[in-house]
Amino acid sequence: MKNTTLIIGGGVVGATLALKLAQARHPVTLIDARPKLLAADWRDKLTQRDARVYALSVASINLLKEIGAWQRIEQSKRKADYTQMQVWQTNGVGELNFGDAQTPQLLGSMVEPFIIEKALYDGFDNESLVHQGQSYLRHIAGHKVTDIAWQGEDLGYQVSLDNGTTYQGKLLIGADGRGSMVRQAAGIGLDTLAYQQTAICCAIKTEQPHKATARQVFLPTGPLALLPLADVTADDQANPQHWQSVVWTLPTNAALDLLTLPPKELAKELAFASGYALGDITEIESIASFPLGAQHAKNYVKANLALIGDAAHGVHPLAGQGLNLGMLDIIALSDILQKDYQRSGNKLWASFATLQHYERQRYANNAMMMHSFSGINWIFGTQLRPIQQLRSEGVSMVSRIKPLMKFFTQKASGI
């Protein structure tokens, strides 16, 4: 069909766009190198706690509601809503508190990656994706892309897999992460920034409950985030709101030194670094680490091709906005594709002008966010005394201006 779309990458961003387009009756083939999980595999995963979480904004939650995935996440009870956010610094004064404890309002929700993926995949067989005998979503899992070939603007792209099969699509979407094969095959360049930092990630149980509050403290060595986790076991649910996900940004050498410590010793260092914000850490698990850097594709589109999510941009995790930027890409791209398709009398799908419209809408915004996060990371990490004093005065001033705090809260929510 002339309006067929191929999506490479079956993570949260790729799967969300696939459902969004298929529900609008645009044929989609989603190609994922990872094998499809069986019901038994999902059951095993559901018994475990993932230290990693996505901090979903209200805009991302609304998108997942539109495609029916959020309802399944709610049914799973594997989400931790947060109604407040607390940000402070250890080598300065001033504190930012987002949200109102008296009249709680949802700021976002922390959800483990595989919980979101399962909610999306469970929607792939929904009868709403079939119309007059035609299924609008085809999911190819467990096969790697071996070749990507442009066939001209009228035909689009042909994608070859390691099992010898080929697929044709008028539009090719790269949703295949930071090392995007689609981006590389299209010859799209990349601007990169290495932070010389490493993030330690783990799940912790604290002495005091988190009270639906996301916390972030800026240390001289980098930000430390304490993010609410869902209560998994019966014991957790009987004594709720004590488990949290940690993302601790440190200079790489310092992070590597801490990772050599026994878990109990690392927990002590972590509690001390947080200023015992929630008392002692009584349990720690799923300790991992990853290097930090930012990157931005020089272009998001070419003829018959578009990049979304991490394939287009990768930001510092300090604000937890990486996935949310990708979800905003989906909202913009799907809306622009649909409107231009309808304007053409349902004849013109993903013209270059349409794709350029998407790039104009998202490129500058994502670039601004990337550089803003890099700037915040530097400002709060610098040891220059004049900058520290200005920073403290700025934080103190902003905390007293309610309209400005409300504006920042709305930006963080993506609405």
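Two cavities of 30 Å³ or more are present in the structure, which is a predicted model in which local features need pLDDT of at least 70, side-chain atom pairs count only at pLDDT 80 or more, and totals for chains, interfaces and linings use all residues. Residues are numbered from 1 along each chain as its sequence is written, and side-chain values use heavy atoms, with hydrogens and water left out.

**Cavities**

A cavity is a set of points, on a 1 Å grid over the protein atoms alone, where a 1.4 Å probe fits but cannot get out; its lining residues have an atom within 4 Å of a point. Grid points are joined across faces, edges and corners, and the volume is the space filled by probe spheres set on the points. The largest cavity contains about 40 Å³ of space. Its lining is formed by Ile204, Thr206, Leu226, Ser274, Ala277, Leu278, Gly279 and Ile281. Five of these lining residues are nonpolar, three are polar and none is charged. In this classification Ala, Val, Leu, Ile, Met, Phe, Trp, Tyr, Cys and Pro count as nonpolar, Asp, Glu, Lys and Arg as charged, and the others, Gly among them, as polar.

**The chain as a whole**

The secondary structure of the protein chain comprises 13 helices and 22 strands; helices (H or I, at least four residues) and strands (E, at least two) are DSSP runs numbered from the N terminus. Of the 415 residues in the protein chain, 51% are buried. Buried denotes under 20% relative accessible area, exposed over 50%, and partly exposed the range in between, with a 1.4 Å probe and protein chains only. The protein chain exposes about 19100 Å², of which carbon and sulfur atoms supply 53%; accessible areas come from the Shrake-Rupley method with a 1.4 Å probe. Among contacts (heavy atoms within 4.5 Å) between residues at least 6 apart in sequence, 73% join residues at least 24 apart.

**Buried helical positions**

Helix α5 (residues 113-121) is largely enclosed by the rest of the structure, because eight of its nine residues are buried. The buried residues of α5 are Pro113, Phe114, Ile115, Ile116, Glu117, Ala119, Leu120 and Tyr121. Serine 60 lies in helix α3 (residues 58-66) and is buried at 1% relative accessibility. Leaving aside residues up to four places away in sequence, serine 60 touches Asn324 and Met327.

**Cysteines**

A disulfide is a covalent bond between the sulfur atoms of two cysteines. The structure holds zero disulfides, the criterion being a pair of cysteine sulfur atoms within 2.5 Å. Why does cysteine 201 lack a bond to the closest cysteine sulfur? The sulfur of cysteine 201 is 6.6 Å from that of cysteine 202, which is too far for a bond. Cysteine 202 is likewise in no disulfide. Cysteine 201 is buried, with a relative accessible area of 5%, and cysteine 202 is buried at 1% relative accessibility.

**Positive phi values in loops**

Glutamine 241 and asparagine 346 are tabulated below with their backbone angles, loop positions and accessibilities.

| Residue | Phi | Loop | Relative accessibility |
|---|---|---|---|
| Glutamine 241 | near 70 degrees | between α7 (234-238) and β18 (243-251) | 29%, partly exposed |
| Asparagine 346 | near 60 degrees | between α10 (322-343) and α11 (352-381) | 45%, partly exposed |

For glutamine 241, phi is a positive value in a residue other than glycine. The phi of asparagine 346 is also a positive value in a residue other than glycine.

Terms used. 1 Å grid on protein atoms, 1.4 Å probe; cavity = no way out; pocket = protein on both sides within 12 Å on 5 of 7 lines; lining within 4 Å.
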